[in-house]
Structure formats: C-alpha cells, structure tokens
Amino acid sequence: MSVGEGISKWEIAGTVSEETGVGRSMEGFSSGQHCQSGETLAELQSFESGTPSTSPLDWETDDDNEEGPKPSELYGKYTWRVEKFSELKKRELCSNQFEVGGHKWCILIYPQGCYVCHHLSLFLCVANHEKLLPGWSHLAQFTIAVVNKDPKKSKCFDTLHRFQKNEHDWGWKKIMDLTIMPDGFIDADTLIIKAQVQVIRERSERPFRCLDCQYRRELVPVYLTNVERNYWRFLEEKRSKLGKLMYDKASFRTFWLGIDQNARHQMSREKIDVILKAVVKHFFIEKEITSTFVMDSLYSGLKALKDHTMCKKGRLKLLEAEEMPAPMVRVEKDMFVLVDDVLLLLERAAMDLLPPKDEKGPQNRTKDGNSGEDFNKDSIQCDERRLTELGHRTVEIFVLAHIFSNKIEVAYEEAVALKKQEELIREEEESWLAESEQKAKRGAAKKEKKSQKTRF
C-alpha cells in the first residue's frame, strides 16, 4: 500500500499498529500521513529558527514541582540531507547519530525499499542498540517529514512506539513510492528528511505531560477531532451509567436521605492518588498515539480544577472563571470532594449538556480573512483551550463516577440487599405466624369437637 493509497490521519488517527509504523523485521505497511498542506512543515522549519510560541501560559509550562527531565528536555529535532541520491548503491543508508532524551538515535533509509519494491523505506533507530542492556525500554513519539521543494506537497508521518533492545527500530516500509519522488522530493539530487523525536516520561500515579509545547502545537489540530471522539465516548458511557439511577430515583433518595450527614460526607470524597492512578490506567494506552494528547489534556484539566479550587484567577488562562461550568468537584488537601449533594450532582451528570463538539475539523479550517499569524495564534489557543476543557470535565466525571461506583453505589446495593433480606425474613415470620395461627385454630377446633363428643 503506497502513501497515496493509505488513510490520511486527517481522516483517522489512533492505534499504532502496522498501519502507522512497523519494525524492519515485521511484515506490513504504513500510512501514517498527517500533513497534506505546508503549514505543519512551515512550523517544523520555524522551530529551527526559534520562533516564539503563541500557546497559552498553562500549556507552555512543564510540571514545575516534579523532579526529573521535562518534556521540553526530552524533545529534539534533526535534519538529514541525503545528497547524490540517484548515485546511491547501498541497500541501506544511516544518518549521523543525534541525541534526544539522553539517548542516541539515527535515521535509516532503504533507497530501493526494505523487503518491498519501488518504495522508499524509512526507520528511526536506537543507535548502538547492540550495547543496550536487557530490559532497556523507552516510549517515544516521533514525526518524519519528507521535504518537497513545494512546501504544500511535503509529507509528514508520525507514530508512537516503545523502543526496546529487541525492537530498536520503527518506521515505514512503504513511506513513499519511488515514482513520485522526482516530483519535488529530490531537488538538486538531494533528499531532505526532518525528524522530531519526543521521549515520553511515563508516570503511573497521575496524569503527566507527554509532549513539548511546540511539538504539541503542531500536532493538536491533526488529532483534536479524534481526542474529542474518545472523550465523548467516555463521557456518554459514564453519563448513561449514572443516569440509570434516575429510573430508581425515589428508592435511592430514600436511602441517601436516610444516612446520617457524617456518613454522607465520608462517602462523598476519595483520595486523589487513588483516583488519579485509575485515570492513568484507563486513558493511557501506549498503542494509541492519541494517548499522549489525552494525557496532556488531563494534566491541564487537573491543573485548571486545582487552580479553580484555589481561586488563582491569575493562572486561569485557558478556562476563565466565568467560562467554566459550575464545579462538581473540589480539591481538599489530598482528597477529591464532591461539591454538592450527590443527588443533585447525579442529576447534573445525567442531564447537563456536554461541551459542544468542535464541528470545524482540521481538514476544513480556513483563515476566515485573518492573517496567517493571527489565524494560527487564535486556532492554537482555541484548540488547547478545548483540550483543557475536555480534560477538566473528564476528571470531574471520572471522580463522580469513581466515588459513586466504589462507595455510594456499593452502600446502596448493600442497603437494597439488606432491605430485601429483611423483607424476606419478615415475610417468613409473617408466614410462620399465619401458619401457627392456623394450626392453633385447627387445634382449638379439634379440641372443641372432642369436648362436644364427650358431653354427648
């Protein structure tokens, strides 16, 4: 399958499989193309000249309170000019090594294809992989741009892969049909390949920043629709589950109002670390490239939730206080606490409208008469505000669903089971009493009948 025959990531993005990247030893092809216009490539080029970012403040900063390298320190780029391309005789050609995230990398190309015909094959490799220790493993997201002299025709591809000693290379066997390469990709007999590599510092205990802000800025328009789709599926699923309680609202209300206030207070809270571990486990799927954007979104949404709780208006750059919906959750030291009575929150979760979908997808965005610079700045801020909004809402719904499912619903079901058991016992007692009364009546009748026979 050639690039032209593949599915563009303007249409679908997500699972990292043989559709978005393969190792050299694997059978399969790739179609991970995400850039049909020159805008992404232009941004890639601007990174080399140090163009200032226009992203909002909360998206510009890494986790200031965390030890270890930040995403910006684990990100790097490299340009490889393959000269005299038509004279290449070697089956494979390797670039010079470059360092990103404390590791050495290189780009490997097969000018006539790697076990395929009439295609250029390209892979990102861990350099000196034979020296890696057993158990060495790092997750990385990377983008490869094959440059055309007409920027609008340049092709970009990206994927996510866990590099290991036995899986030290990843890329595309059919990244480009050789027949189209003379159409601007080979200029002055030179092929230009640009790479961006982001090593991911994973965390299991809470949402974490994955991407350098400039790298994310480039890719957010590509993946936003797919990230939204994932969030909508999650939110609709949780809303549906929470909404089912409304069918048994009277019974639940009786149960809830029958509990003393202190018990209700204790059941309406949960430790932050317990919930955030569950959030990461649910949303970070390393086979899905959208996971990195979801993690960044959840991180920013969690930060907005904490800032909103602390009323730090000066830091609410992405979601101004007046734009935020009434909160469902607040932070108290090491606890998430439901801000209102659970009956009202469940009703809100079941009935409230979700954040509206972004109907203006990346493939049909226009500049609407604005200058390119203004459009890019506005669209970037709009996209990242949208991700924060989705992350904020998702954290709140996750907290509500977790507390409800693991505490309140359990107590409610136990109460319902206990009530049924009490009713069964009461019915058995009533049945026993009724049977006893019948026996007593029958005994009295027999005794009376016997007494009458004795008199006669």
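Within what distance do the axes of helix H3 and helix H8 come, and at roughly what angle do they cross? In this predicted model, local features require pLDDT of at least 70 and side-chain atom pairs count only at pLDDT 80 or more, whereas totals for chains, interfaces and linings use all residues. Residues are numbered from 1 along each chain as its sequence is written, and side-chain values use heavy atoms, with hydrogens and water left out.

The axes of H3 (residues 213–243) and H8 (residues 342–351) come within 8 Å and cross at roughly 130°. Helices (H or I, at least four residues) and strands (E, at least two) are DSSP runs numbered from the N terminus; axes are lines fitted to C-alpha atoms, for helices over the stretch in contact, with angles from 0 to 180 degrees between N-to-C directions. H3 and H8 are therefore oblique to each other, given that angles under 35 degrees count as roughly parallel, over 145 as roughly antiparallel, 65 to 115 as roughly perpendicular and the rest as oblique. In this contact (heavy atoms within 4.5 Å), Arg239, Leu242 and Gly243 of H3 meet Leu346, Ala349, Ala350 and Met351 of H8. The residues involved divide into five nonpolar, one polar and one charged, where Ala, Val, Leu, Ile, Met, Phe, Trp, Tyr, Cys and Pro count as nonpolar, Asp, Glu, Lys and Arg as charged, and the others, Gly among them, as polar.

For H6 (residues 272–283) and H7 (residues 290–310), the axes come within 10 Å and cross at roughly 155°; the two helices are therefore roughly antiparallel to each other. Leu276, Val279, Val280 and Phe283 in H6 meet Ser291, Val294, Met295, Leu298 and Leu302 in H7. By class, this contact has eight nonpolar, one polar and no charged residues.

Both helices also lie across strands of an open three-stranded sheet, which has the order E12-E14-E13 and antiparallel pairing (two strands pair if DSSP finds at least two bridges between them). Strands E12 (269–271) and E13 (329–332) stand at the edges with a single partner strand each, so one side of each is left without a neighbour in the sheet. Neighbouring strands are turned by 25° against each other on average, direction ignored. Three bridges join E12 to the antiparallel strand E14 (residues 335–338), and Glu270 stands opposite Phe336 in E14. H6 lies across E12, E13 and E14, at about 75° to E12, while H7 lies across E13 and E14, at about 75° to E13.
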